[in-house]
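Colleague: Before I plan anything around this protein, I would like to hear how each label on it was reached. Please set the values against the cut-offs as we go.

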Amino acid sequence: MSSLPPLEEEAYDMSGARLALTLCVTKAREGSEADLDALARMFEKLGFDSTTRRDPTAQQFHEELEKFREAMDAREDFVSCAFVVLMAHGVEGLLKGEDGQMVELDRLFKILNNKNCEALRGKPKVYIIQACRGEQRDPGETMGGDKIMMVTKDSAQTIPTYTDALHIYSTMEGYIAYRHDKDGSCFIQTLVDVFTQNRGPILELLTEVTRRMAEAELIQEGKPRKVNPEVQSTLRKRLYLY
């Protein structure tokens, strides 16, 4: 049985530029400004060069990400990591632009994958999605092996197209994402609090985000509701933000 490599060998190199792009529809989304303020504080504290675009249309979601990619690929310095925050009304797999038109999340994710963005090839790409994924509401619940052979090469020279990505959704597939009219969303506010006040691998930090959100009780239409984020990861190494 082989042992895992030392932690320092497993971690992404975060010594280069850290870039962030936030695309947020504020129209008919009260509380969005509180989330934008919280994210701005987080990116500043974590050393990110952050850009915010308000009220993009469906097409502008795509265009702004393309500009983000082009600017990264044109840089001469080393890029360590990119965060993309997408906030809008939505349904599963789709976001609604300011113009009421829909854009596919998968179409947006492809822009920065290992095939299309050279600057981020093999680098962590973190997507934070604050949007509904359906209409279901969770009232909460009372607590009460086939083997697959894998062939690998010791000196592989290629990398899968979709590795090194982290998708953090504000809610589970099919469910509503809640947002307070003044205080912002439980998801963004909790994530910012955890990311700015704790150290450790990002997946461990996200476990703490999930724990806190699971303990929170949200009231909607006079009824208690539960909500938790969903994390999808193809990271190959540990990602530390400090």
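**Labels and their grounds**

Modeller: This is a predicted model. The disulfide count comes to zero. C24 takes part in none, and the nearest cysteine sulfur, in C132, is 13 Å away.

Colleague: Why is the sulfur of C132 not counted as bonded to that of C24?

Modeller: A disulfide needs two cysteine sulfur atoms within 2.5 Å. For C132 the closest cysteine sulfur is the one in C24, at 13 Å, which is too far for a bond, so no disulfide is assigned.

Colleague: Why is C24 called buried?

Modeller: Buried means under 20% relative accessible area. C24 has 0% relative accessibility, so C24 counts as buried.

Colleague: And what makes C132 buried?

Modeller: The cut-off is under 20%. C132 has a relative accessible area of 19%, so C132 is buried as well.

Colleague: Why does D193 count as partly exposed?

Modeller: Buried is under 20% and exposed is over 50%, with partly exposed in between. D193 stands at 26% relative accessibility, so D193 is partly exposed. D193 lies in helix 5. Its C-alpha atom is 8.7 Å from that of V209, a residue 16 positions apart from D193 along the chain.

Colleague: Which aromatic contacts does the model hold?

Modeller: A search of the whole structure gives four aromatic pairs. One of them is formed by F43 and F83.

Colleague: What makes the pair of F43 and F83 edge-to-face?

Modeller: Ring centres must lie within 6.5 Å to pair, and planes over 60 degrees apart count as edge-to-face. Here the centres are 5.8 Å apart and the planes meet at 80°, so the pair of F43 and F83 passes on both counts and is edge-to-face.

Colleague: Why do you say that this pair ties parts of the chain together?

Modeller: F43 belongs to helix 2 (residues 32-45) and F83 to strand 3 (residues 79-87), so the pair joins parts that are 40 residues apart in sequence. Both F43 and F83 are buried. Ring pairs also link F43, F48 and F83 into a cluster.

Colleague: How do you know that R133 sits over the ring of Y169?

Modeller: The distance limit is within 6 Å of the ring centre. The charged end of R133 is 3.9 Å from the centre of the Y169 ring. R199 likewise lies over the face of Y242, at 4.2 Å from the ring centre.

Colleague: What lines the largest pocket?

Modeller: The largest pocket has a volume of about 370 Å³. Its lining holds 15 residues, and those nearest its centre are Y178, R179, H180, G184 and L218. Strand 9 (179-180), strand 10 (184-185), helix 5 (186-197) and strand 11 (218-220) each give two or more residues to this lining. Strand 11 gives the most, with three. By class, the lining divides into seven nonpolar, six polar and two charged residues.

Colleague: Which residues line the second largest pocket, and which element gives the most?

Modeller: The volume of the second largest pocket is about 190 Å³. Its lining residues include L19, D49, R53, E64, K67 and R75. Strand 1 (17-24), strand 2 (49-54) and helix 3 (58-74) each supply two or more residues, and helix 3 gives the most, with five. This lining has six nonpolar, one polar and five charged residues.

Note on methods:
Residues numbered from 1 in each chain as written. Predicted model: local features only at pLDDT ≥ 70, side-chain atom pairs only at ≥ 80, totals over all residues. Heavy atoms only, no water. Buried < 20%, exposed > 50% of the residue type's maximum accessible area, 1.4 Å probe, protein only. 1 Å grid on protein atoms, 1.4 Å probe; cavity = no way out; pocket = protein on both sides within 12 Å on 5 of 7 lines; lining within 4 Å. Points joined across faces, edges and corners; volume = space filled by probe spheres on them. Helix = DSSP H or I, 4+ residues; strand = E, 2+ residues; numbered from the N terminus. Nonpolar A, V, L, I, M, F, W, Y, C, P; charged D, E, K, R; others polar. Phe/Tyr/Trp six-rings, centres within 6.5 Å; stacked < 30°, edge-to-face > 60°. Lys NZ or Arg CZ within 6 Å of the ring centre and 35° of its normal.
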